[in-house]
Amino acid sequence: MKKLAIISTFILGLAATSCNSYLDINESPNSPKESDLNASILFPAAEMNLAGSYGDFLRIAGGYFAQYYVQSFGTSNYLDYSKFEMSATRSSGTYTQLTSRTLKNLQLVRDIAAKNENWGDYLAATTLRAFTYQVLVDCYGEVPYTEALDASNPTPKYDDGKTIYTGILAELDEALNSAKASDRVCTNLLFPGQTADPWIKFANALKLKIYSRMGGSDAQIGAIISEGNLPTSDIAFKDCWTTESGHISPFYAEEFATNWGSTQVNVVANVAIIGTMQQSAYTDGRLNAFFKPNSDGQYVGGISGSNFSTSKAYKSTYWCRPVASYDMPVYMITKSETEFFIAEYYARTGNATQAESHYKAAVEASFASAKATGANDFLRVYPYDQSNYQKSIGIAKWIALAGVNPFEGYCEIRRLKYPTFGEVKGSDMYNETDDSSYKPEKYKAGTLYTPIKVFGPVGDNQLLQRWPYAESSSARNK
């Protein structure tokens, strides 16, 4: 893997200082003193550590697990992901970045904000803290929470996902009850120059997602929807990236930028998403917004569990690549996702009219975000079906997240159980000993498939459900 250079030198310095300076006996003359730390110094550091992990490592891993991506010819960087495998070491760096940097900085911001009764800052930090814990739960199932971030306790207990979800929902409610829409928020990159109002909407959308993930009651979810104070546009880190080394959007920096001389190609499109977005009688209008055609101008996807390393014909130029740019947004939650959660609530409570309306709104929001046309064509091919709403929403959401947030796509497949695994396996579409055996036409649109070589503990017709505990945590925790 190329060196992960996704955080500016300035911000990285702040992150390291804000997390660790209070443990140092001697203070560096080049770092802010602990007494000088404030929310405007700490908050952007926490944001960039979160954006760096969420927008790069988790996007890539989630993309392979959701069968948006496969591994290209000639390298094997992510071939394990393509086989539905995650080792204890692979996620350790990201786990550390999210806990020791993101969460620690946010804890300091919360402490400073509470002391000074700056409830806008408190809400913003609490929202990102809850978001980070939600991500960790959705990866590992259980992580330290009730005893976490305490320097005096090097072996905090692991809390189960329900305990953590319940805890962060209570934290969000407390922060929302303390803040007013007009409260000022410290320097930040997500809503620069804003009051607490967009953070309130973000927190409400996050509550809606968490309740939906944990199987919250219809009353709890309905109350959020009835209040109606939800985001009206996508929430993303989008105006903070430049072409300068260390300031490039994380996924692009990792996989496309050549600032460090690397031209290695790893991530290419999967036959599952290409075969769903491009069918014999239908082409999704978002296809060229999510993926670039290959060198012949065609949209072609590879097979999970192989990198087609046996033939010159299947080198990187043969496959589609994800659309990416130096300033591509790191999406936290989109309007489309929120509309899908609302549609699901109405479907579950038997209001088919409202469910279909919000399903349509979710699809239209996805097309609008992609600056694409063809939402009505999609709704014709994938109409809402109240009798099997999980399938309707699951497949539509999987497609919508393909070019926006692959990690959340992976999470939603596991929750909604759609797309399901079809009858065709990866080995039916390609035999590694026979290059002429590549038969993508065997793929059935809107399904997943077992990789050619699948991680043994996962097995056939299954997704990886939970990642092993990160070695950086478990190795130090008895």
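This section describes a helix, the nonpolar core and the internal spaces of a predicted model.

Helix α4 covers residues 92-116. At 1.5 Å a residue, its 25 residues should span 36 Å, and the end C-alpha atoms lie 35 Å apart, which agrees with that expectation. The helix nevertheless bends by about 25 degrees at Leu-103. Glu-117 follows α4 and has a positive phi, near 55 degrees.

The largest nonpolar core contains 151 residues. Those that touch the most other members are Trp-199, Phe-202, Phe-291, Met-332, Tyr-359, Trp-398 and Trp-467. Helix α2, residues 39-65, supplies the largest share of this core, with 14 residues. In soluble globular proteins, nonpolar side chains tend to be buried together.

Leu-50 is situated in helix α2. Its relative accessible area is 1%, and because the limit for a buried residue is under 20%, Leu-50 counts as buried. Leaving aside residues up to four places away in sequence, Leu-50 touches Gly-55, Leu-98, Thr-102, Leu-128, Phe-131, Thr-132 and Met-332. Between Leu-50 and Ser-309, by contrast, the C-alpha to C-alpha separation is 34 Å, with their positions 259 residues apart in sequence.

The contact between Leu-50 and Met-332 also appears in the list for Met-332. With the exclusion of residues up to four places away in sequence, Met-332 touches Leu-50, Tyr-54, Leu-128, Phe-131, Leu-190, Phe-202, Lys-209, Ile-235, Ala-236, Phe-237, Glu-337 and Asn-405. Leu-128 and Phe-131 are thus among the residues in contact with Met-332, and both are also touched by Leu-50. Phe-202, another contact of Met-332, is one of the core residues that touch the most other members.

Two cavities of 30 Å³ or more were counted. The largest cavity holds about 80 Å³ of space. Its lining consists of Tyr-54, Gly-55, Arg-59, Ser-249, Phe-251, Met-328, Pro-329, Val-330, Tyr-331, Val-404, Asn-405 and Pro-406. The elements that contribute two or more residues to this lining are α2 and β10 (330-333). The greatest contribution, three residues, comes from α2. Tyr-54 and Asn-405 of the lining are also contacts of Met-332, while Gly-55 of the lining is touched by Leu-50.

The second largest pocket has a volume of about 480 Å³. It is lined by 24 residues, of which Pro-329, Tyr-331, Ser-369, Ala-370 and Gly-403 are the closest to its centre. Two or more lining residues are given by each of α11 (287-290) and α13 (352-369), and α13 gives the most, with three. Pro-329 and Tyr-331, named here for the pocket, also line the largest cavity.

Terms used
Residues numbered from 1 in each chain as written. Predicted model: local features only at pLDDT ≥ 70, side-chain atom pairs only at ≥ 80, totals over all residues. Heavy atoms only, no water. Helix = DSSP H or I, 4+ residues; strand = E, 2+ residues; numbered from the N terminus. Expected span 1.5 Å × (residues − 1). Bend = angle between axes of the 7 residues up to and from the residue. Core = buried A, V, L, I, M, F, W, Y, C linked by side-chain atoms within 4.5 Å. Buried < 20%, exposed > 50% of the residue type's maximum accessible area, 1.4 Å probe, protein only. Contact = heavy atoms within 4.5 Å. 1 Å grid on protein atoms, 1.4 Å probe; cavity = no way out; pocket = protein on both sides within 12 Å on 5 of 7 lines; lining within 4 Å. Points joined across faces, edges and corners; volume = space filled by probe spheres on them.
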